[in-house]
Amino acid sequence: MNKNLSYGVISVCILLTSFFVYRSMSGSGNTGLNAIDPDSIIWVKCKTSTCQAAQEMGEREFLEAVQANASPGQRRGGPGLLCDQCGKMRLYKAQKCPEAECLAVFFYGSAQNDYPDRCPKCKVSQTEKSRKERRSRSAEE
Ligand SMILES: [Zn+2]
Ligand SMILES: [Zn+2]
């Protein structure tokens, strides 16, 4: 093998490796906002029992607003976002039930001692569902 060529290959490998190491190190220092896909959409829901307005919003937009709302030093459990339906700071991240018949928007972990993703409306948990499907598939084999 040509000596110059093999040196070239090695130095390219070293360059690539240090590039990726540098990237992963500088990435970990970030607060994470930049790691979020700007197109990512989440569901938010109002915790006021008489309101319960649900809407879609950009995940980045949501996290930016949460960070702006939180008082310094407060890490979690801060106030929710302003709900424009009832005017209270009670808008929190929620999730939408993917069952076509249901499509309820609910809070993750609302059921205790149960799968956190169980939908309070149709009682389907996607975790439980996929586990059951996996089990029945392995039983058929
Ligand atoms: Zn509301
Ligand atoms: Zn449901």
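## A helix across a four-stranded sheet

Helix α2, residues 59-69, lies across β1, β2 and β3. The helix runs at about 95° to β2. This is a predicted model.

**The layout**

The chain has three helices and four strands. Along the sequence, these elements follow the pattern α-β-β-α-β-β-α. The chain holds 141 residues, and buried residues make up 9% of them. Take the contacts in the chain with a separation of 6 or more: residues 24 or more positions apart account for 38% of these.

**The sheet**

In what order do the four strands of the open sheet lie? The order is β2-β1-β3-β4, and the pairing is antiparallel. Strands β2 (54-58) and β4 are the edge strands, and each pairs on one side only. In general, strands of a sheet pair through backbone hydrogen bonds, either parallel or antiparallel.

Now look at two of the pairings. β1 and β3 run antiparallel, joined by four bridges. Within this pair, lysine 45 has tyrosine 92 in β3 as its bridge partner. β3 also pairs with β4, residues 105-106, again in the antiparallel sense, over two bridges. Here lysine 96 is matched with valine 105 in β4.

**The core**

Which residues make up the largest nonpolar core? There are ten: Val44, Cys46, Phe62, Leu81, Cys83, Leu91, Ala94, Cys97, Phe106 and Cys119. Two elements, β1 (41-46) and β3 (91-96), each give two or more residues to this core.

Leucine 81 is one of the core residues. Set aside its neighbours within four places in sequence. Leucine 81 is then in contact with Val44, Ala65, Val66, Asn69, Met89 and Leu91.

**Two residues with positive phi**

Most residues other than glycine have a negative phi. Two residues here go the other way. Glutamine 52 is not a glycine, yet its phi is positive. Asparagine 113 also has a positive phi and is a residue other than glycine. The table sets out both.

| Residue | Phi | Loop | C-beta neighbours within 10 Å |
|---|---|---|---|
| Glutamine 52 | about 55° | between β1 and β2 | 16 C-beta neighbours |
| Asparagine 113 | near 55° | between β4 and α3 | 4 other C-beta atoms |

Why does glutamine 52 count as partly exposed? It has 16 C-beta neighbours inside 10 Å; a residue is buried at 20 or more and exposed at 12 or fewer, so glutamine 52 falls in between. Asparagine 113 has 4 other C-beta atoms within 10 Å, so this residue is exposed.

**The last helix**

Helix α3 covers residues 126-140. How many of its 15 residues are buried? The count is zero, and α3 is hardly covered. What span should the 15 residues of α3 have at 1.5 Å a residue? They should span 21 Å. The end C-alpha atoms of α3 are 21 Å apart, so the two values agree.

Key
Residues numbered from 1 in each chain as written. Chains lettered and ligands numbered in written order. Predicted model: local features only at pLDDT ≥ 70, side-chain atom pairs only at ≥ 80, totals over all residues. Core = buried A, V, L, I, M, F, W, Y, C linked by C-beta atoms within 7 Å. Contact = placed C-beta atoms within 7 Å. Pairing = 2+ DSSP bridges. Axes fitted to C-alpha atoms, helices over the stretch in contact; angles between N-to-C directions. Expected span 1.5 Å × (residues − 1).
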